[in-house]
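Here are my notes from going through this one. Have a look at the model first, then see whether you'd flag the same spots.

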Amino acid sequence: MKTIPLILALVLALTGYVSWHLWRITPTGWPLKLTVMSVFLLWFISFFVGFFVTERVSVGVATVFYEVGNTWLIAFLYLFLLFLVADIAALCHLLPKIYLKDSGVGLSVVVGFVTLVMVLGGMQYHHKQREEMTLTTAKAIEEPLTIVLASDLHIGYHNRKAELARWVDIINAEKPDLVLIGGDIIDRSLRPVIADNCAEEFRRIQAPVYTVLGNHEYYSGGQTMNRQGTMVDVEQFFKDAGITLLKDSVAHFKGIDIIGRNDRTAFRRASVKDLTAGLEGFTILLDHQPYHLEEAEQAGIDFQFSGHTHRGQIWPISWITDEVYEKSWGRHQRGNTHYYISSGLGIWGPKIRIGTQSEYLVLTLRQG
């Protein structure tokens, strides 16, 4: 519990650093300085207000708070990095200090750069990258099989029904035999998902759909009233959406054993070895968080699909995830076990990607 106050103190300290630089770099004149500072600080406040009011106001208003507040994170990060680099450059006499104080040129460069980064990052997020992978197996399957895999949709206040409909169209265009989703379908609340009747969109997927729980399904715990006046939880939503939830359980499909592992957020969950006992088909493991990849190798899993990392969503956070995880994104192999760690089809927070991609995987499975 001590971690939260420390993080909050760090955020406030860094915000103070950025605020001081914004005040200093803005050209002399109280109206302009106050305007710049007011915009930045109101933006900062909206980020925190969004966490407390989203469940107390209409879904439309909550969406505005969510999207506006969360984009502050990106602006804040890149303002901090810009001012930090500028300070270092000034100390090394590489940047004249006149550009850091009462400078219209300096302010224009800073605001222009951050705006450009956010616009390009938004375009990058909205482009969905198609990744391909082909595996061959000696095990008996009804081949060839086309499997679409995605993770981290984060449907909620920011990714609404219209966006989900676009993703469903992309999935159906692949004409898959099977669709597997690696957790975090829900962002942080069932309320907007139920209000938008997102179950209806999921039912349009023209193939069987299996999923596992991610950490955000646990964060969005609790019940929400649907349009019929019935209280539903995440698991009931999946049933209504025609999605089969695998929670430490196994499903069988045309020679494939689909193993769905409960998320590590639950603390207690079955081991991979226990879940694979007695299985003889081609094994696909869905495990939301890609920790301890050796467990799949030791259990003889053929293919593991995970998400969760988002690969940090933006640079330079991607450098951190690359260090934290054995593999934070892309194809991987340990022994005879193949892996794909997805950076996610959707996103948490701001709909911006910098140095990472929103993606889905098309896996072709053949005998050979």
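1. Start with Lys254, which sits in the loop between strand E8 (249–253) and strand E9 (256–260). Bear in mind that this is a predicted model. The phi of Lys254 is near 50 degrees, so a positive value in a residue other than glycine. As for cover, Lys254 counts as partly exposed because its relative accessibility is 35%, and the partly exposed class runs between 20% and 50%.

2. Asp102 also goes on the backbone list: its phi is positive, about 50 degrees, although Asp102 is not a glycine. You'll find Asp102 in the loop between H3 and H4. Its relative accessibility is 33%, which means that Asp102 counts as partly exposed.

3. Stay in that loop for Ile98, which lies between helix H3 (59–91) and helix H4 (104–126). Is Ile98 buried or exposed? Exposed, because its relative accessibility is 59% and the cut-off for that class is over 50%. Ile98 belongs to a nonpolar surface patch together with Tyr99, Val105 and Val109. The patch covers about 380 Å².

4. One for the omega check: the peptide bond between Trp315 and Pro316 is cis, with omega at about 10 degrees. Pro316 is in the loop that runs between strand E11 (303–306) and helix H12 (317–324).

5. Now the charged residue I'd look at by eye. Glu359 is in strand E14 (residues 358–367), and it is buried without any salt bridge. Which side chain of opposite charge is nearest to Glu359, and how far away is it? That is Arg353, at 7.7 Å; a salt bridge would need a nitrogen-to-oxygen distance within 4 Å.

6. So what does the side chain of Glu359 have for polar company? For one, it makes a polar contact with the side chain of Tyr340, at 3.2 Å. In addition, a polar atom of the Glu359 side chain lies 3.1 Å from the backbone nitrogen of Ser343.

7. To round off the surroundings of Glu359, set aside its neighbours within four places in sequence. What remains in contact with Glu359 includes the run Tyr340, Ile341, Ser342, Ser343, Gly344 and Leu345. Gln129, Glu131 and Trp329 are in contact with Glu359 too. Tyr340 and Ser343 are worth displaying together with Glu359, as the polar partners named above.

Key
Residues numbered from 1 in each chain as written. Predicted model: local features only at pLDDT ≥ 70, side-chain atom pairs only at ≥ 80, totals over all residues. Heavy atoms only, no water. Patch = residues over 30% accessible without salt bridge, like charges linked within 9 Å, V, L, I, M, F, W, Y side chains within 5 Å. Areas by Shrake-Rupley, 256 points an atom, 1.4 Å probe, with all protein chains shown as cover. Helix = DSSP H or I, 4+ residues; strand = E, 2+ residues; numbered from the N terminus. Buried < 20%, exposed > 50% of the residue type's maximum accessible area, 1.4 Å probe, protein only. Lys, Arg positive; Asp, Glu negative; His and termini not counted. Polar contact = N/O pair within 3.5 Å; in protein donor to acceptor, adjacent residues only side chain to side chain. Contact = heavy atoms within 4.5 Å.
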